[in-house]
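With the model open in your viewer, please follow the selections below in the order given, pausing at each stop before moving to the next.

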Amino acid sequence: MFSSVGLVLRPQAVEVAEAMRGFGGGQVRKTARVAAQVGEDTMSQAIRSALDRAQVQPKQVTVSVPSQEVLLR
């Protein structure tokens, strides 16, 4: 089986999910959502907390920032 971990970064929360993929298809195995505030220290702390809560220790993660949450000037 192959597993991958993804993070979704939002201004108010950090979400993490671990998906397992095998010959029979894929399924989400573990998820967690942690409240966060915008800021360097608080966001990194929220990411660590979400990974701990989901009980995953990945070497690599895929990060997503939803387009409606991105502010460009």
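Begin by selecting Val65 in this predicted model, and colour the residue by relative accessibility: Val65 counts as partly exposed because its value is 43%, and partly exposed covers the range between under 20%, which is buried, and over 50%, which is exposed. In the sequence, Val65 is found in the segment after strand β4, which comprises residues 62–64.

Keep Val65 selected and add Val61 and Val63, since these three residues form a nonpolar patch on the surface. Together, Val61, Val63 and Val65 present about 220 Å² of accessible area.

Next, keep Val61 but release the other two valines, and turn to the largest pocket, for which Val61 is one of the lining residues. To display the whole lining, select Phe2, Ser3, Ser4, Val5, Glu18, Gln57, Pro58, Lys59, Gln60, Val61 and Thr62; the pocket that they line has a volume of about 170 Å³. Which strand gives the most to this lining? Highlight residues 2–9, and you have strand β1, which contributes four residues. If you then colour the lining by residue class, you should find four nonpolar, five polar and two charged residues.

Finally, clear the selection and show the protein chain as a cartoon, where one helix and four strands can be traced in the order β-β-β-α-β along the sequence. The C-alpha trace of the chain spans about 45 × 25 × 20 Å along its principal axes, and 26% of its 73 residues count as buried.

Key
Residues are numbered from 1 along each chain as its sequence is written. This is a predicted model: local features need pLDDT of at least 70, side-chain atom pairs count only at pLDDT 80 or more; totals for chains, interfaces and linings use all residues. Side-chain values use heavy atoms; hydrogens and water are left out. On a 1 Å grid over the protein atoms alone, a cavity is a set of points where a 1.4 Å probe fits but cannot get out, and a pocket is an open set with protein on both sides within 12 Å along at least five of seven lines; lining residues have an atom within 4 Å of a point. Grid points are joined across faces, edges and corners, and a volume is the space filled by probe spheres set on the points. Helices (H or I, at least four residues) and strands (E, at least two) are DSSP runs, numbered from the N terminus. Ala, Val, Leu, Ile, Met, Phe, Trp, Tyr, Cys and Pro count as nonpolar, Asp, Glu, Lys and Arg as charged, and the others, Gly among them, as polar. Patches are made of residues with over 30% relative accessible area and no salt bridge: like charges are joined within 9 Å, nonpolar side chains (Val, Leu, Ile, Met, Phe, Trp, Tyr) within 5 Å. Accessible areas come from the Shrake-Rupley method with a 1.4 Å probe; for residues, only the protein chains shown count as cover. A salt bridge is a side-chain nitrogen of Lys or Arg within 4 Å of a carboxyl oxygen of Asp or Glu. Buried means under 20% relative accessible area, exposed over 50%, partly exposed in between (1.4 Å probe, protein chains only).
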